[in-house]
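Trainee: Got a minute to go through this one with me?
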Amino acid sequence: MEKSVKSIAINYGLYLGGILALFSVLAYAINLDLYTKVWYGIALLLIVIVFGIISTVKTKSALQGIISFKEAFTSYFLTVLIGIAISSVVSILIFNVIDPEAAIVLKEKIVDSQVQMMRNFGAPEEAVAEAVEKMEAESNMFSIGNVLQSLVFQLVGFSIVGLIVALVLKKNEENA
């Protein structure tokens, strides 16, 4: 039974990783500005959550509709972990090995985007200047350390969603 939970989660994690990697490569190849768009980030966030939910539902189905909280969360978490780990490796490769200059260009685009957003929200110029100074002082946003740190923060956030999904989808045996 445990093997089916893990195998389903691994398969969906690989699918998720492939889709996220494809999105990263396409955004890199088509237009780096996509990385600065809020809708792009939200779309990726929703894709991750949907794949986690699908994995959990498929696992529940494979277990004849009876799934514990632990099994549901494990299915969700493994899917998300594998998917965003693959995406992180692709980002490291693109921005550190294939085209390190793209990381510099993207950092400038992100700084410009953040400045524009802060000004649109009416932030004081001192706050804008301070934020720009902090962002410019940061080294490569796509360094291995920064990408791994981002991966950990993403896992924490997605785990909270995963706990809710597991709570909603769990179904214990009636005679328990």
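Mentor: Sure, let's take the helix packing, then the pocket, then the record.
Mentor: This is a predicted model, where local features need pLDDT of at least 70, side-chain atom pairs count only at pLDDT 80 or more, and totals for chains, interfaces and linings use all residues. Numbering runs from 1 along each chain as its sequence is written, and side-chain values use heavy atoms, with hydrogens and water left out.

Trainee: At what angle do helix 3 and helix 4 pack?
Mentor: About 105°, with the axes 4 Å apart; axes are lines fitted to C-alpha atoms over the stretch in contact, and angles run from 0 to 180 degrees between N-to-C directions. Helix 3 and helix 4 are therefore roughly perpendicular (65 to 115 degrees).

Trainee: And which residues in helix 3 and helix 4 meet?
Mentor: Ile-94, Phe-95, Asn-96, Val-97 and Ile-98 in helix 3 touch Pro-100, Ala-102, Ala-103 and Leu-106 in helix 4, contact being heavy atoms within 4.5 Å.

Trainee: OK, pockets. What's the volume of the largest pocket?
Mentor: About 880 Å³, counted as the space filled by probe spheres set on the points. A pocket here is an open set of points on a 1 Å grid where a 1.4 Å probe fits, with protein on both sides within 12 Å along at least five of seven lines; lining residues have an atom within 4 Å of a point.

Trainee: Which residues lie nearest its centre?
Mentor: Tyr-35, Leu-44, Phe-142, Ser-150 and Gln-154, out of 27 lining residues.

Trainee: Where does UniProt put the "transmembrane region" feature?
Mentor: The unreviewed UniProt entry gives residues 12-32, 38-57, 77-98 and 151-169. In the model, residues 77-98 are 100% helix, with end C-alpha atoms 30 Å apart.

Conventions: Helices (H or I, at least four residues) and strands (E, at least two) are DSSP runs, numbered from the N terminus. Angles under 35 degrees count as roughly parallel, over 145 as roughly antiparallel, 65 to 115 as roughly perpendicular and the rest as oblique. UniProt positions are given in the numbering used here, feature names are shortened, and annotations may be inferred rather than shown by experiment.
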